[in-house]
Amino acid sequence: MQVHAHVLKSGFSSDVYVNNSLIHFYSSCGCSESARKVFDKMSERSLVSWNVIIEAMVQMGEFEEALGMYQEMKLFFDPDDYTMQSLIDACSGLGALSMGMWAHAFVLRNRDTFTKSETLLAKSLIEMYWKCGFLEMAVQVFQGISAHDVNSWNSIILGFAAHGDAESVFGYFNCMVNQEGIKPNSITFLGIMSACNHRGLVDEGRRYFDLMVNCYKIEPALEHYGCLIDLLASQGKIDEALDIASNMPMKPDAVIWRSLLNACCKQSIGLDLRQELAKQTMAAEEKSSSGVYVLLSKTYASANRWNEVGIVRKLMTEMSIQKEPGCTSVEIDGVAHEFFAGDSTHPQSKEIHLFLNEVEERLKYHGYVPDLSQAHSVDEGKKDSLRLHSEKLAIAFAIMELKSKSTVKSKAIIRFFKNLGVCRDCHNFTKLVSEHFNVEIVMRDRLRFHHFKDGSCSCKDVW
């Protein structure tokens, strides 16, 4: 702020280069409003000015704003390598596959213009495709790169890991090291550990962790320990996970404590331990979130300690902590449709709800039984709302649209994105939909991807 004030006093407020640097400075500090104010007040803007502000919006997670800035920029300048990289990264953040594919086509049509940053653009494209649920296209982009570096290998390994394809992660790692002779780094092993975690591969997780430390002499970061702890805890090895959390060289963060708490809740492990883990999670959180309070409430509910459930809920009310609502978005013909749990705001809401009833009845005929085991503390009046989780509404809407276009005769692919983890009931529901409605469903939840096809899921029911 003092530097900015000095710039104004010194008469450099209209200097394009100085303002570009100020925008970059403010974005690096996470001050999006200040960055935008500097940009808006600029009397003259260069292509670099637009690139800097678009990149700033992407870095701060304001992806829709970044796309809007890009549309405005096109009135004055043609995009260059850096513009397209930021645009593709914005598409990754939004899961905007149609826009991302357009950007890819634009780069290909203008390949002579975008030769300086081929590897960087390819890396962004790989990440965009797998983050949008189109892993096959990510592989195709990777295979089209003339010379791979460690960053491009990491991008595809992280993609396979997020999609739960541990076999491909191991295969690509072996090719990277043994055939290409490229030395892996900490990000490479983070992808491998993540893949082991998503698939519940304890032995492999331990082996690659040891390989990283003992063979490649890479010091594990908090994220590596977090993957290993979550893997062990989720597979019932709570004592070993707690031992690592207690003895690792850095202090566990809220993510690690919450993963331990979540594993203990799923496995109904001792109430006292769960209370202690909840306490540690709250202490580690910089800002109170609803997740730990919801887990603690479920813990007390599972033990029929309803007084404590009431206390937790009262505390959440007093602290103005609200449970984050489930939200699912699905893209149809390039248009994103957003649904919340129990949603009735969509223009086709009545038809969606009626069709969802038809879907549920058809699945019940094939053996579907709603799973309410994760709703200990939900009263009978509210249990019906579990039927209307956001992903079920999105699936019903997508199938309706496919039927209206008569494209469901051949196996269609539905891609959608949810802000929370998928519950057991919705997971079972989606598996059956993929089997009996001739569709393949790719779901990205808060942590990973699930590929539903012919009645099974790529996660092999480990999540």
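Two strands are taken as paired if DSSP finds at least two bridges between them. In this predicted model, strands E1 and E2 meet that criterion, pairing in the antiparallel sense over six bridges. Within this pair, Val 330 has His 337 of E2 as its bridge partner. The two strands form a hairpin with two residues between them. Asp 333, in the loop between E1 and E2, has a positive phi of about 55° although it is not a glycine. The relative accessibility of Asp 333 is 65%, and the residue therefore counts as exposed.

The hairpin belongs to an open sheet of six strands, in which the order is E2-E1-E3-E4-E5-E6 and the pairing is mixed. Strand E2 (335-340) and strand E6 (456-457) form the edges, each pairing on one side only. On the other side of the hairpin contact, E1 also pairs with E3, here too in the antiparallel sense, over three bridges. The bridge partner of Thr 328 in E3 is Lys 418. Five of the six residues of E1 are buried, so this strand is largely enclosed by the rest of the structure.

Further along the sheet, strand E4 (residues 439-444) and strand E5 (residues 449-453) run antiparallel and are joined by four bridges. Val 442 stands opposite His 451 of E5. A second positive phi in a residue other than glycine is found at Asp 454, where the value is near 50°. Asp 454 lies in the loop between E5 and E6, whereas Asp 333 is placed in the loop between E1 and E2.

Helix H22 (residues 390-404) packs across part of the sheet. The helix lies across strand E1 (327-332), E2, strand E3 (412-418) and E4. Relative to E1, H22 runs at about 15°.

The search for enclosed space returned one cavity of 30 Å³ or more. The space in this largest cavity amounts to about 30 Å³. Its lining consists of Gly 133, Leu 135, Glu 136, Ile 413, Arg 415, Glu 440, Val 442 and His 451. Helix H9 (135-143), E3 and E4 are the elements that give two or more residues to this lining. By residue class, the lining divides into three nonpolar, two polar and three charged residues. Val 442 and His 451, which stand opposite each other in the pairing of E4 with E5, are both among the lining residues.

A separate site involves helix H4 (residues 47-59), in which Ser 49 is placed. The relative accessibility of Ser 49 is 0%, and because residues under 20% are classed as buried, Ser 49 counts as buried. With neighbours within four places in sequence left aside, Ser 49 is in contact with Val 16, Asn 20, Phe 39 and Met 42.

How values were computed:
Residues numbered from 1 in each chain as written. Predicted model: local features only at pLDDT ≥ 70, side-chain atom pairs only at ≥ 80, totals over all residues. Heavy atoms only, no water. Contact = heavy atoms within 4.5 Å. Axes fitted to C-alpha atoms, helices over the stretch in contact; angles between N-to-C directions. 1 Å grid on protein atoms, 1.4 Å probe; cavity = no way out; pocket = protein on both sides within 12 Å on 5 of 7 lines; lining within 4 Å. Points joined across faces, edges and corners; volume = space filled by probe spheres on them. Nonpolar A, V, L, I, M, F, W, Y, C, P; charged D, E, K, R; others polar. Buried < 20%, exposed > 50% of the residue type's maximum accessible area, 1.4 Å probe, protein only.
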